[in-house]
Amino acid sequence: MKDMFRESMRWLHTWSGLVLGWVLFFMFITGTVGYFSYEIDRWMQPEAPYASNTSDQVHLLSLAKQRLDLVAPDAIYSSVNFPVDRYSFLRINWENPSNKITGEKGERGREILNPQTGEPVVVRKTGGGTLLYRMHYALHYMPRIVAYWITSLCAMFMFIALITGIVIHIRIFKDFFTFQPNKQQRSWLDMHNLMSVLPLPFHLMITYSGLIFLMFTTMPGILTASYGDDDDAFFDSAFPLTTQQEASGVYAQSIDLSTVLVSAQQHFNQSQVRYIRIQNQNDTHAQVEVAPRGFDGLSRANTLVYQGVSGELLSTPNSKNDQSESGSAFVSLYDALLNLHEGLFAPTILRWIYFLSGLAGAGMIATGMILWASKRRKKAQKSGQVSKGLVLVEHLNVGTIVGLPIAIAAYFWANRLIPIHLVGRENWEINTLFIVWAIMPVYSFLFAKKRPLSKVWAEQLALAALMYLCLPLLNLLTTSQHLGISFVQGDWIMAGFDLTMIVLGTLFAIAAFKMHRQQAQALSPTKNSAIKPALKI
């Protein structure tokens, strides 16, 4: 009975991972990149100067306020985001009053400022790392609601694959300590087990929390049963807003923001703040919100809210009016899962663990896809009949597993090579990614018919190595923020990106060399072995 149950779970594990494996691989890679989305944003906008001295936030606020008074003197809302921790920019945002005649919303704007002079910095338009991160749940080129359904379905299949994988692997921990290189199918299984067991808690957390975030899309019946068609009523109840008030329409001079900033820093034990924003500026109902820079466990440290005219402190981290206290247990759980999923609370070392665990997840999916194809290839060689479906899977494996990293590298190359003033350049950056990614499996199909598939793997791995290793050189030739300057300035975000690209390129080069050596040592392919030999590790 146990064996029958385990065999049924084996079938479910195989097909739940296979059906949406390529989409899951895309989600894992883009989601993993998102753990350094702010750092990638910085690299992809090299025009922004390095913020070397950002400890005097009162001075930075003064520079930002001068610029806001110039470009948006009548703004009803404005904010200043400071360069702290991973965030590298001094940025201002504003919204002008609505048109009382037409009812149209007021113009919104944002600028990145030079932290030394306060002057606006013209930076290239780019999706940056933030766009790569968003694609892991919103995909691209499709309505968001459709993307949510697809990614939710993928997460559900992933969760099933994880649970069934635990069931079918009787010796899961024993196998974890076993790795046999150069054993073809056995090596892929060992690698699959290794990448599955070590970060298993991460995989379970990341998949389950992803399902929770999308449940409002995939389980609308629960909301409809309690709130009818009024979705806003549910969100107003579950996620109550802070003490923000509507504008009264009565003019009143708002308090000097520097006074509020100094008061907030005292509340935060002289710690720096993340942002300061004012709502209903120059109105009797004006409010100023100040956010601290860090986390309290898995939750954002609570913000302070001041009355925008008198400067009275309306809520503190220990106030009953605080948002975290007015929210339900569900909201607290939801926020904790969100922060755990995104790793926003994580310091540098923990964020690297997140990153490596995400790569292991992508490797788990990749080895599972290769293992499936390897088993079918072995059976097909014995029977002398190779199905077109198997050939399709083998080529798509190459185009996805190696092609996607190549496409992401092309995305970075496009950021440096596309003219800065080209209209819609940020769209062409991401278009480049998908164009290159589409070319990779096409190349595999068109040029691998009379060659071993291992040679195609070696060629695409070599291309990936070349593109990543040359990225720092491209950065040197196209910007002034190259590796040498970054070291001198102490700009470890720019330097760290270039160094990471060198490491990735080196790893791809090692993989390409091993694959090329395997192909060179293999026997000459026969007439009917167009995609031999099987891949080894």
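## Getting an overview

How many helices and strands does the protein have? In this predicted model, there are 23 helices and ten strands, so let's take a tour of some of them, with the count as our starting point.

Of the 537 residues in the protein, 49% are buried. The chain also brings together residues from far along its sequence: among contacts between residues at least 6 apart in sequence, 67% join residues at least 24 apart.

## The sheet

Eight strands come together in an open sheet, and their pairing is antiparallel. Reading across the sheet, the order is S4-S3-S2-S1-S5-S6-S9-S10. The edges are taken by strand S4 (120–121) and strand S10 (313–315); each has a single partner strand, so one side of each is left without a neighbour in the sheet.

Let's look at the S4 edge. Strand S3 (residues 108–113) is joined to S4 by two bridges, and these strands run antiparallel. Here you can find Ile112 standing opposite Val121 in S4.

A helix accompanies this part of the sheet. Helix H4 (residues 57–71) lies across strand S1 (77–81), strand S2 (90–95), S3, S4 and strand S5 (273–279), and runs at about 40 degrees to S2.

## Two pairs of helices

Two packed helices are described by the angle between their axes and the distance between the axes. Try this on two pairs.

Start with helix H2 (residues 21–33) and helix H6 (residues 144–168), whose axes come within 10 Å and cross at roughly 100 degrees. Angles of 65 to 115 degrees count as roughly perpendicular, and H2 and H6 are therefore roughly perpendicular to each other. On the H2 side, Val23, Leu24, Met27 and Phe28 meet Thr151, Cys154 and Met158 in H6. The residues of this contact divide into six nonpolar, one polar and no charged.

Now turn to helix H18 (residues 403–417) and helix H21 (residues 471–478). Their axes also come within 10 Å, but cross at roughly 10 degrees, which makes H18 roughly parallel to H21. Phe412, Trp413, Arg416 and Leu417 of H18 make the contact with Leu471, Leu474, Asn475 and Thr478 of H21. These residues divide into five nonpolar, two polar and one charged.

## Checking a helix with a ruler

Helix H17 (residues 388–401) lets you try a little arithmetic. At 1.5 Å a residue, its 14 residues should span 20 Å, and the end C-alpha atoms are 20 Å apart, so the two values agree.

Which residues in H17 are buried? They are Leu390, Val393, Glu394, His395, Asn397, Val398, Gly399, Thr400 and Ile401.

Notes
Residues are numbered from 1 along each chain as its sequence is written. This is a predicted model: local features need pLDDT of at least 70, side-chain atom pairs count only at pLDDT 80 or more; totals for chains, interfaces and linings use all residues. Side-chain values use heavy atoms; hydrogens and water are left out. Helices (H or I, at least four residues) and strands (E, at least two) are DSSP runs, numbered from the N terminus. The expected span of a helix is 1.5 Å times one less than its number of residues. Buried means under 20% relative accessible area, exposed over 50%, partly exposed in between (1.4 Å probe, protein chains only). Two strands pair if DSSP finds at least two bridges between them. Contact means heavy atoms within 4.5 Å. Axes are lines fitted to C-alpha atoms, for helices over the stretch in contact, and angles run from 0 to 180 degrees between N-to-C directions. Angles under 35 degrees count as roughly parallel, over 145 as roughly antiparallel, 65 to 115 as roughly perpendicular and the rest as oblique. Ala, Val, Leu, Ile, Met, Phe, Trp, Tyr, Cys and Pro count as nonpolar, Asp, Glu, Lys and Arg as charged, and the others, Gly among them, as polar.
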